[in-house]
Amino acid sequence: SLTPRVLDQLESVLNNMGDLTENDILLRIQSSDLFENGRNLEYTHKITHKLALLVRSTEGATFRALWHKISRTTDELFVIAEYMQETFKNAMYVLLKRAGLSTNEETLLLGTLKDPVRVYQKSCDDYLSRFGEELAVGCIVDVLRCRVICPSATKMTRFQTVLLEGLQNENLNGRVVSSKIVRSKNKFRYNELDPTHLRNLLNNMAITLSTGQSIVVELQIHHADILALNDDLHAHDHYDFFRALLRDYAGDLDRMLTRVILTFEECKGIPVLLGLLTVILKYANTTSSRDVELPGSKYELYKIAMEATLSRRFTLEKDAASSCDLKQATEDLLSLLGSRNELYANGARIFNEDEAESCFREQGGEMGSALIDLWNRLRKHDQGVPFVKVVSEGTPRAKANFQFKHKSLQEAMATYRLINNPKLLYEQISADTDNSNLGSKVTDSSVASKLNTPSLLNVFAIGGAELGRAMVEVHPSDWDFSKSGLNKAGFEALIHLYPKELGTSTAALPVVGLRVTALWKLDVSCISRFTNMRSLDLSQLADGLFGDICTLRSCSNLQQLNIQNCRGLSCSLEVIFETFPQLRVLNASGINNLVGDIAVFRFCP
């Protein structure tokens, strides 16, 4: 149906495509009279829609030129796929019967051929950087694909075994066929999970004919109950939605998707976070803001929502007085106020006009004057100062009072400034007024004192890995908290600075020593992220510590361990010495169930 005439007419039907949403493009295609009615009309509309989106995202592309390139590069792959399609089905029937599974449609779901636009797009995203166009398309291994749905885990493993055994010169309707598994992914394992966490076994199988033709196919093995839940949750629709918004992260898509979904999950049930997320999605849905980012962390959630709000208000407007973009100037103003309240006023909520102007004046010279002018300008605006509300208007006897609309907005503004200027966090630590070489003056105890400050906990929670990296830049040497110790707030702050959830990517914090100084409930596995640790003292947790000591295998460099009175910990002497092969000092007194005999000391260095 995509003839040269139709392709040329699509250029006029979809003119000014950059101003249209994806849904608008589809509606224009469906309402056009370019295609004849028939049973394949819906499929034609789908392919044309994908082609239109690819044309829009490819600089200088036209419908005719791009479709010609797609047809030319994918034609050979589709010729062999169509030739092998019936053989693939027959081979599946034989393999299912050997595993004792039915061959009906409830067990075997044979997919349609992957469409050529998606084949071309996937080949460019995943393989073009390593191969030319022709070879990149040849790397696509799921043009032929199917799902096998099993009623139990036992049946899944049985069928996987049959697949591994394969077919050896099997006669299938006159064709001599062999099969071999060339790749298997166990997506029940934590490190193999995709962003939606759908558990399955993913196989690529080579099917070869005695006459030389061959193709690699994709074969997914699913548990019926897991797949049913996945369908009920519309997980694939969510995946497609986020995938479209994150299309610029082609080489890193799964990790970014995981980060975004985890951030969305964190927003659940927290009104202020849901509100920020709504701001971002609403902004992303506007025709002029298609390239807006999705948040992959709590810090990005606040930052992107703030930028989206200010962009809507100050689009293309300039502030002549400060010779800078109003949006950027307002961000600077708000971050100054936030850091002033959080770092220098012990987290105070309310501030008055004099305090605000004093904060701006401290920036000195033209910058200070420009910020005061901007503050007064925003105050006079119908919408007021963004993210700030008036608590009480000024009178001849009293100055006006203000506060951020939510405490976490103030904390986020402070975090924004700290990440861009982490020295601020340590300025109060040094008694010396000269902060030119501040990093060398910062000690482990001074870092601990900041982490242990309860009022700063949400600043660390919002800043997360981004703030952790910024803090390490100022104080890059090892962090040893074995003497100064961390309280509950300090330990939680440290965890926020180095998140270990699936999908995060951050350099390890240089924590080499850790001692907790308060009693609370803690799963010992939380500590496994600190892989460089040499000294660990958890004795103050006592019965509050629980979990299995072997979850700390990643901390294999540990030399000193104090778990005195930690009776909730699952461990034995043998497990301890196996887990920490470099261990030199151990205090495990008070743990009555610690068992082992003298032979366990063979593990000691």
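Okay, let's start with one pair of residues: R145 stands opposite E218, which sits in β6. Before I go on, keep in mind that this is a predicted model.

So which strands does that pair belong to? The two strands are β2, residues 145-150, and β6, residues 214-223. They run parallel, and 6 bridges join them. On β2 there's another pairing to look at, with strand β1, residues 108-110. That one is antiparallel, with 3 bridges. If you want a residue pair to click on there, take L110, whose bridge partner in β2 is C146. So β2 pairs with β1 in the antiparallel sense and with β6 in the parallel sense.

While we're on strands, let me jump along the chain to another sheet. This is an open one with 5 strands, and the order reads β12-β13-β15-β17-β19, with parallel pairing. Which strands stand at the edges? Those are β12, at 479-486, and β19, at 585-587; each has a single partner strand, so one side of each has no neighbour in the sheet. How much are neighbouring strands turned against each other? On average it's 5°, if you ignore direction. For β19, take a look at the pairing with β17, residues 560-562: it's parallel and covers 3 bridges. One residue pair in there is N562 with N587, the latter being the bridge partner in β19.

One bit of background for anyone colouring side chains: in a regular strand they alternate between the two faces of the sheet.

Right, helices. I've got two packing pairs for you. The first is α4, residues 63-98, against α5, residues 116-126. Their axes are 9 Å apart, and the angle is about 90°. That makes α4 roughly perpendicular to α5. Who makes the contact? From α4 you have L66, W67, K69, I70, T73, T74, L77 and F78, and from α5 it's P116, V117, V119 and Y120. Sort the residues of that contact by class and you get 9 nonpolar, 2 polar and 1 charged.

The second pair is α11, residues 271-284, with α12, residues 298-314. Here the axes come within 9 Å and cross at roughly 50°. So α11 counts as oblique to α12. As for handedness, α11 passes α12 in a left-handed crossing. On the α11 side the contact involves V272, L273, L276, L277, V279, I280 and Y283. Those meet K298, L301, Y302, I304, A305, A308, T309, S311 and R312 of α12. The class count for this contact is 12 nonpolar, 2 polar and 2 charged.

Last stop, two single residues. Is E353 buried or exposed? This glutamate is in helix α14, residues 353-361, and because its relative accessibility is 13%, under the 20% cut-off, E353 counts as buried. Its contacts, leaving out neighbours within four places in sequence, are W375, N376, R379, K399, A400 and F402.

Then there's H197. You'll find this histidine in the loop between β4, at 175-186, and β5, at 201-209. Its relative accessibility comes out at 31%, so H197 is classed as partly exposed. How far is H197 from A235? In sequence they're 38 residues apart, and in space it's 9.2 Å, C-alpha to C-alpha.

That's my tour; over to you.

Methods
Residues numbered from 1 in each chain as written. Predicted model: local features only at pLDDT ≥ 70, side-chain atom pairs only at ≥ 80, totals over all residues. Heavy atoms only, no water. Axes fitted to C-alpha atoms, helices over the stretch in contact; angles between N-to-C directions. Helix = DSSP H or I, 4+ residues; strand = E, 2+ residues; numbered from the N terminus. Parallel < 35°, antiparallel > 145°, perpendicular 65-115°, else oblique. Left-handed = near helix turned anticlockwise from the far one by under 90°. Contact = heavy atoms within 4.5 Å. Nonpolar A, V, L, I, M, F, W, Y, C, P; charged D, E, K, R; others polar. Pairing = 2+ DSSP bridges. Buried < 20%, exposed > 50% of the residue type's maximum accessible area, 1.4 Å probe, protein only.
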